[in-house]
Amino acid sequence: MQEESNPKKNRYDGLSEHDLNKSLLYSQLFLLMLAFIFSRIFFSEWFFVFSVLHWDFYEILVYGGGSAFLIVGIQIALSKCVPRYWMEDDGLNERLFQNKGMIEIFCWVVCIAVIEEFLFRGVIQTQFGFWTAVCIFSIVHVRYLKKWLLLLILIGVSILLGGVFEITENLATTIFSHFIVDFFLILYAKKESYAREG
């Protein structure tokens, strides 16, 4: 009886904070290693990425920031309109970030945005094209594949980020957008979690 009244347990509850951090670190290092390997195979120069990384603050703020706040706004609006379980992932994000402070979240999200955009937009999209990057980005986030709404959102995010990169040819815009999306949605999820608990 007591078990039924408790909220659904997170499947990652058995993992320690140390194990979760180690898993996140290893996954990002793996993606970074792939980015370096692929860039070495497909590009003649090690530092080719700097040819698509420009500090154009207008592009970064308008295209990167604009696309990010569009994504964040849509996701928050959806979370208010659809049943909560439609928007819940497998619980990993909640466990990863529930005990982290804002500075720690900021640092992790910067790393994730830089590494993932370097690989998916900087290497894969540049070399293999827009739709290949969209597909691989979606497949890598395999834990969303069983949640149709989250999968559609993920594909939409990938299309939007890919489109921003196509328009600007500036990796800084997609890194900034990716960072804003992840950072604000993590903070929003933490706020909602605290509200439900207290």
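Helices are DSSP runs of at least four residues, numbered from the N terminus.

**Figure 1. Overview of the chain in the predicted model.** The chain contains 9 helices and 0 strands. Read from the N terminus, its elements follow the order α-α-α-α-α-α-α-α-α. Of its 198 residues, 43% count as buried. Among the contacts in the chain with a separation of 6 or more, 82% join residues that are 24 or more positions apart.

**Figure 2. Close-up of helix H2, residues 17-42.** Helix H2 has 26 residues, and the span from its first C-alpha to its last is 37 Å, close to the 38 Å expected at 1.5 Å a residue. The buried residues of H2 are Leu20, Asn21, Leu24, Gln28, Leu31, Ala35 and Ser39. These buried residues pack against two helices, H5 (92-97) and H6 (102-128).

**Figure 3. Packing of helix H2 against helix H6.** Two packed helices are described by the angle between their axes and by the distance between those axes. For H2 and H6, the angle is about 30° and the axes are 10 Å apart. Because angles under 35 degrees count as roughly parallel, H2 is roughly parallel to H6. The crossing in which H2 passes H6 is left-handed. On the H2 side, the residues that meet H6 include Leu24, Gln28, Leu31, Ala35 and Phe42. On the H6 side, the residues that meet H2 include Trp108, Ile112, Ile115, Leu119 and Phe128.

**Figure 4. Surroundings of Asn170, in the loop between helix H8 and helix H9.** Helix H8 covers residues 148-168 and helix H9 covers residues 171-197, with Asn170 in the loop between them. Is Asn170 buried or exposed? Its relative accessibility is 0%, so Asn170 counts as buried. The side chain of Asn170 reaches the backbone nitrogen of Ala172 at 3.0 Å. When residues up to four places away in sequence are not counted, Asn170 touches Val52, Leu53, His54, Asp56, Glu59, Ile60 and Phe165.

**Figure 5. Surroundings of Ile155 in helix H8.** Ile155 has a relative accessible area of 27% and is therefore partly exposed, since that class lies between the limits of 20% for buried and 50% for exposed. Leaving aside residues up to four places away in sequence, Ile155 touches Val134 and Ser138. Ile155 and Ile139 are 16 residues apart in sequence, and the C-alpha to C-alpha separation of this pair in space is 9.7 Å.

Key:
Residues numbered from 1 in each chain as written. Predicted model: local features only at pLDDT ≥ 70, side-chain atom pairs only at ≥ 80, totals over all residues. Heavy atoms only, no water. Buried < 20%, exposed > 50% of the residue type's maximum accessible area, 1.4 Å probe, protein only. Polar contact = N/O pair within 3.5 Å; in protein donor to acceptor, adjacent residues only side chain to side chain. Contact = heavy atoms within 4.5 Å. Expected span 1.5 Å × (residues − 1). Axes fitted to C-alpha atoms, helices over the stretch in contact; angles between N-to-C directions. Parallel < 35°, antiparallel > 145°, perpendicular 65-115°, else oblique. Left-handed = near helix turned anticlockwise from the far one by under 90°.
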